[in-house]
Amino acid sequence: MKKTPGGGNNKSHGADGNQRSRDLSVFSKAVSLFNAGKFAEAKQLFDQLARVPDTSLAHVARSRALICERRTRPS
């Protein structure tokens, strides 16, 4: 079974569950952009996710944003 970032803070009801669903949708989009080599676009989404209340998801997003930043720097 595949783990999703932020599994430890899953609030699956009400507004919190809806926000988590939206955050995971943004994360999925960011990963797709990352995998397509669109690091600047992916970084914007990861930066946005770095500020969500779900600390696990925020941590993963910050890590990915740093990778994007490194990959967009001139050599």
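**Figure 1. Aromatic pairs in the predicted model.** The structure, a predicted model, holds 2 aromatic pairs. In one of them, the ring centres of F27 and F46 are 6.0 Å apart and the ring planes stand at 65 degrees, so the pair is edge-to-face. This pair links distant parts of the chain, since F27 belongs to helix α1 and F46 to helix α2, with their positions 19 residues apart in sequence. F27 is buried, at a relative accessible area of 11%, and F46 is buried at 0%. The rings of F34 and F39 also form a pair: their centres are 5.3 Å apart and their planes are at 75 degrees, so this pair too is edge-to-face, given that planes over 60 degrees apart count as such. F34 counts as buried at 12% relative accessibility, and F39 counts as buried at 17%.

**Figure 2. The largest nonpolar core.** In soluble globular proteins, nonpolar side chains tend to be buried together. The largest nonpolar core of this model has 16 residues. The residues with the most contacts inside this core are F27, F34, A42, F46, L49 and C68. Helices α1, α2 and α3 are the elements that give two or more residues to the core. F27 and F46, which form an edge-to-face pair, are both on the list of residues with the most contacts inside the core.

**Figure 3. Surroundings of C68.** Which residues are in contact with C68, leaving aside its neighbours within four places in sequence? They are F34, F39, A42, K43 and F46. Among these, F34 and F39 have their ring centres 5.3 Å apart, and F46 has a relative accessible area of 0%. K43, also in contact with C68, has a side chain that meets that of D47 in a salt bridge.

**Figure 4. The salt bridge between D54 and R20.** A search of the whole structure finds 3 salt bridges. One of them joins D54 and R20, with the closest N and O atoms 3.0 Å apart. D54 lies in the loop between α2 (39–49) and α3 (55–72), whereas R20 lies in helix α1 (residues 14–35), so the pair ties together parts that are 34 residues apart in sequence. Are the two partners buried or exposed? D54 is buried, with a relative accessible area of 9%; because buried means under 20% relative accessible area, R20 is also buried, at 10%.

**Figure 5. Backbone contacts of the D54 side chain.** D54 is placed in the loop between α2 and α3. The side chain of D54 reaches the backbone nitrogen of S56 at 3.1 Å. A polar atom of the D54 side chain also lies 3.2 Å from the backbone nitrogen of L57. In addition to these backbone contacts, D54 forms the salt bridge with R20.

**Figure 6. Salt bridges K43–D47 and E69–R73.** The side chains of K43 and D47 meet in a salt bridge with an N to O distance of 2.7 Å. Both residues lie in helix α2, 4 residues apart, about one turn of the helix. D47 counts as partly exposed at 27% relative accessibility. E69 forms a salt bridge with R73, and their closest N and O atoms are 3.3 Å apart. E69 counts as partly exposed at 30% relative accessibility.

**Figure 7. Surroundings of R64.** R64 is found in helix α3 and counts as partly exposed at 25% relative accessibility. Leaving aside its neighbours within four places in sequence, R64 is in contact with V31, F34 and F46. Of these contact residues, F34 and F46 are buried. The C-alpha atoms of R64 and A50 are separated by 9.5 Å, and the two residues are 14 residues apart along the chain.

**Figure 8. The whole protein as context for the close-up views.** The protein has 3 helices and 0 strands, and its elements run α-α-α from the N terminus on. Of its 75 residues, 31% count as buried. Among contacts between residues at least 6 apart in sequence, 42% join residues at least 24 apart. The protein exposes about 5200 Å², of which carbon and sulfur atoms supply 50%.

Key:
Residues numbered from 1 in each chain as written. Predicted model: local features only at pLDDT ≥ 70, side-chain atom pairs only at ≥ 80, totals over all residues. Heavy atoms only, no water. Salt bridge = Lys/Arg side-chain N within 4 Å of Asp/Glu carboxyl O. Buried < 20%, exposed > 50% of the residue type's maximum accessible area, 1.4 Å probe, protein only. Polar contact = N/O pair within 3.5 Å; in protein donor to acceptor, adjacent residues only side chain to side chain. Contact = heavy atoms within 4.5 Å. Areas by Shrake-Rupley, 256 points an atom, 1.4 Å probe, with all protein chains shown as cover. Core = buried A, V, L, I, M, F, W, Y, C linked by side-chain atoms within 4.5 Å. Phe/Tyr/Trp six-rings, centres within 6.5 Å; stacked < 30°, edge-to-face > 60°.
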